[in-house]
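Here are some friendly notes to read alongside the structure. Please keep the 3D view open and look up each residue as it comes up.

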Amino acid sequence: MKLSEWAACNGVHYQTAWTWAKEGRMPVPVLQTPSGTWLVTEPAPQAAGRVVVYCRVASGDQKADLERQVARTVRGAT
């Protein structure tokens, strides 16, 4: 992505990001093309290692349905 796009997504003014790139202080890898455009190669996001699910039924007498729903959801998440 272009440096200006990265700056907008990360709440950094473009001129600040440009200065960081020129000085080699960017927190992510960047490269300058022959035309002078700065490109950010942000690493792929890492999985957080946690999944949250929400299961529900309409009434308390559907407890068996809730347990089946929870089991199915846990299988899908893992």
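The points below go from the whole chain to its core, and then to single side chains.

1. **The overall layout.** Please keep in mind that this is a predicted model. Its secondary structure consists of 3 helices and 2 strands, and along the sequence these follow the pattern α-α-β-β-α. The radius of gyration is 23 Å, well over the 12 Å that the globule rule gives for 78 residues, so the chain is more spread out than a compact globule.

2. **Extent and surface.** You can see the spread in the C-alpha trace, which spans about 65 × 20 × 20 Å along its principal axes. Of the 78 residues in the chain, 15% are buried. The accessible surface is about 6300 Å², and carbon and sulfur atoms account for 54% of that. Take the contacts between residues at least 6 apart in sequence: 21% of them join residues at least 24 apart.

3. **The nonpolar core.** Which residues make up the largest nonpolar core? There are 10 in all: Leu 3, Trp 6, Ala 7, Val 12, Ala 17, Ala 21, Met 26, Val 28, Trp 38 and Val 40. Helix H1 (3-9), helix H2 (14-23) and strand S2 each supply at least two of these residues, and H1 gives the most, with 3. As background, nonpolar side chains tend to be buried together in soluble globular proteins.

4. **Leu 3 as a place to start looking.** If you leave out residues up to four places away in sequence, Leu 3 touches Tyr 14, Ala 17, Trp 18, Ala 21, Met 26, Trp 38 and Val 40. Try selecting Leu 3 and finding these partners one by one.

5. **Two salt bridges.** The count of salt bridges comes to 2. In one, the side chains of Arg 25 and Glu 23 meet at 2.8 Å, N to O; Glu 23 is partly exposed, at 48% relative accessible area. In the other, the closest N and O atoms of Arg 68 and Asp 65 are 2.1 Å apart. Asp 65 is also partly exposed, at 34%. Arg 68 and Asp 65 are separated by about one helical turn, because they sit 3 residues apart in helix H3 (residues 63-77).

6. **Ser 35 in its loop.** Is Ser 35 buried or exposed? With a relative accessibility of 65%, Ser 35 counts as exposed. Ser 35 lies in the loop between strand S1 (30-32) and strand S2 (38-40). Its side chain makes a polar contact of 3.0 Å with that of Thr 33 and another of 3.4 Å with that of Thr 37.

Conventions
Residues numbered from 1 in each chain as written. Predicted model: local features only at pLDDT ≥ 70, side-chain atom pairs only at ≥ 80, totals over all residues. Heavy atoms only, no water. Salt bridge = Lys/Arg side-chain N within 4 Å of Asp/Glu carboxyl O. Buried < 20%, exposed > 50% of the residue type's maximum accessible area, 1.4 Å probe, protein only. Helix = DSSP H or I, 4+ residues; strand = E, 2+ residues; numbered from the N terminus. Polar contact = N/O pair within 3.5 Å; in protein donor to acceptor, adjacent residues only side chain to side chain. Core = buried A, V, L, I, M, F, W, Y, C linked by side-chain atoms within 4.5 Å. Contact = heavy atoms within 4.5 Å. Rg over C-alpha atoms; globule rule 2.2 N^0.38 Å. Areas by Shrake-Rupley, 256 points an atom, 1.4 Å probe, with all protein chains shown as cover.
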